[in-house]
Structure formats: structure tokens, C-alpha cells
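Biologist: Could you take me through one part of this model up close? I'd like to hear about the cysteines and whatever surrounds them.

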Amino acid sequence: MKNSSAVTSPPSLSLFLLLLLPFPAQSSDDLIDTICKGTPFFDLCEASLRPLSPSPSDPKSIASAIANVVLSNMTDTLGYIQSLIRHSQDPAAERALAQCAEVYRPVVRFNIPQAIEAMRRGEFGFATYVLGDAEKQTDSCQKWINSAGADDESSVPLTARNKLVKNLCDVAISVIKSLMNGR
């Protein structure tokens with residue numbers, strides 16, 4: 001009897017990949033398209049996510065990316081509000097702007113960064129709550145601006161910025177909810 005040891009060949013690379021990827025992988029563009037179709041503002045979602053580099057490649061990174069877009073836009077809007085305060089000549093408008101800054105500041109500095117971190121930990125419910133609250137803060141800001149009767153050329157861009165942030169929050173909440181439902 002021959003004394004031989006059985007030698008097994010390593011599984012082929014294609015078999016190994018098939019085991020790792022039992023379902024066809026979607027490209028990041030296809031995934032962004034699929035996720036954005038489930039949001040209330042498809043074009044805004046696409047326009048916010050497509051230019052990112054590297055492109056988010058899984059639902060969790062897409063949710064985090066859109067939350068970062070919200071944070072960036074809220075940060076820019078807060079800076080714009082602070083600039084308007086510095087140049088305001090109207091006491092009523094200045095008070096309304098100061099109220100806006102007071103609600104934007106903690107959302108930008110603490111709340112949205114906490115929501116992004118919560119998503120990394122898989123705490124999507126908390127992130128959804130925080131983004132919903134951020135959306136309410138933009139509504140409050142807009143009501144103060146409207147009630148102050150600020151009808152100069154500076155209120156129109158602020159209204160547009162508030163609307164953009166509100167819509168981005170809606171998109172982010174939809175993305176996170178789809179992620180939660182897909183788990």
C-alpha cells in the first residue's frame with residue numbers, strides 16, 4: 001500500500017467569490033439610484049450623493065453621507081445667518097435672525113454629529129429623531145423670519161436655504177428609514 005497524503009487543491013477564486021457574494025452586487029450608482037427613488041426629493045438626493053468621492057457603496061454609508069450633506073448645509077446656513085446678523089439694520093429682523101442662530105447652533109455643533117455617530121453604531125432610530133428635530137428647527141427659523149416681516153433681499157436666500165435644509169432632512173430620514181426596513 002502506498003503511503004500518500006491526500007492533497008486538496010485550494011478552491012478556485014471564482015468559487016470563493018461566489019460564496020462571499022451570493023447575490024449580484026449592485027454598483028454604487030445603481031444603489032444610489034435605488035435608494036434615492038424611495039425619497040421625496042429624488043433629484044436632490046441624487047445631486048447630493050453622486051458628486052461624493054469616494055462614492056458611498058452600501059446603504060449605511062449612503063445614510064451617513066446624506067447626513068453629512070445635511071450637516072454641511074446647516075453649517076453654511078448658520079454662517080449665512082450670522083453674517084446677516086452682523087449686517088442687519090432692522091431690529092425685528094435681527095431678533096428673528098438671532099433666534100434662528102440659537103436653534104441652528106446646537107443642531108450643527110452637537111445634534112447632527114451625534115446622529116452621524118449613532119448611524120455608525122447602527123442606532124438609526126436616534127438618527128431619524130435628530131434629523132426630524134433639525135427639520136423642525138428650520139421651520140421655526142422660517143416662521144421667525146416671516147413674522148419679523150423681513151422682506152429684503154437677504155430673506156429670500158435664507159428662505160431658500162431653510163427649504164433646502166428641510167428637504168435634505170426629509171431625504172436623510174427617508175434613506176435611514178429604508179435602511180431600517182431593509183435590515
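Modeller: Let's start with Cys141, which is buried, with a relative accessible area of 0%. Keep in mind that this is a predicted model, so everything here is computed from its atoms.

Cys141 has a partner: together with Cys100 it forms a disulfide, and the two sulfur atoms sit 2.1 Å apart. Cys100 lies in helix α5 (residues 91-120) and Cys141 in helix α6, so this bond ties together parts that are 41 residues apart in sequence. The twist about the S-S bond of Cys100 and Cys141 is about 100 degrees, which makes the disulfide right-handed. Cys100 also has 0% relative accessibility, so Cys100 counts as buried too.

Now for the other link. Cys36 and Cys45 form a disulfide as well, with their sulfur atoms 2.0 Å apart. Here the handedness is left-handed, with -70 degrees about the S-S bond of Cys36 and Cys45. Cys36 and Cys45 are both buried.

That brings the count to 2 disulfides. If you number the bonded cysteines of the chain in sequence order, the pairing reads 1-2, 3-4. As a reminder of the chemistry, a disulfide is a covalent bond between the sulfur atoms of two cysteines. One more cysteine to mention is Cys169: its relative accessibility is 0%, so Cys169 counts as buried.

Back to Cys141, because there is another side to its story: Cys141 is among the α6 residues that meet helix α4. On the α4 side of that contact are Lys60, Val70, Met74 and Ile81, while α6 brings Phe124, Leu131, Ala134 and Thr138 along with Cys141. Sorted by class, the contact of α4 with α6 has 7 nonpolar, 1 polar and 1 charged residues.

How do the axes of those two helices run? The axes of α4 (residues 59-87) and α6 (residues 124-147) come within 12 Å and cross at roughly 25 degrees. Angles under 35 degrees count as roughly parallel, and α4 and α6 are therefore roughly parallel to each other. Their crossing is left-handed.

So, putting α6 together: through Cys141 it is bonded to Cys100 of α5, and Cys141 is also one of the α6 residues in the contact with α4.

Notes: Residues numbered from 1 in each chain as written. Predicted model: local features only at pLDDT ≥ 70, side-chain atom pairs only at ≥ 80, totals over all residues. Heavy atoms only, no water. Axes fitted to C-alpha atoms, helices over the stretch in contact; angles between N-to-C directions. Helix = DSSP H or I, 4+ residues; strand = E, 2+ residues; numbered from the N terminus. Parallel < 35°, antiparallel > 145°, perpendicular 65-115°, else oblique. Left-handed = near helix turned anticlockwise from the far one by under 90°. Contact = heavy atoms within 4.5 Å. Nonpolar A, V, L, I, M, F, W, Y, C, P; charged D, E, K, R; others polar. Disulfide = S-S within 2.5 Å. Buried < 20%, exposed > 50% of the residue type's maximum accessible area, 1.4 Å probe, protein only.
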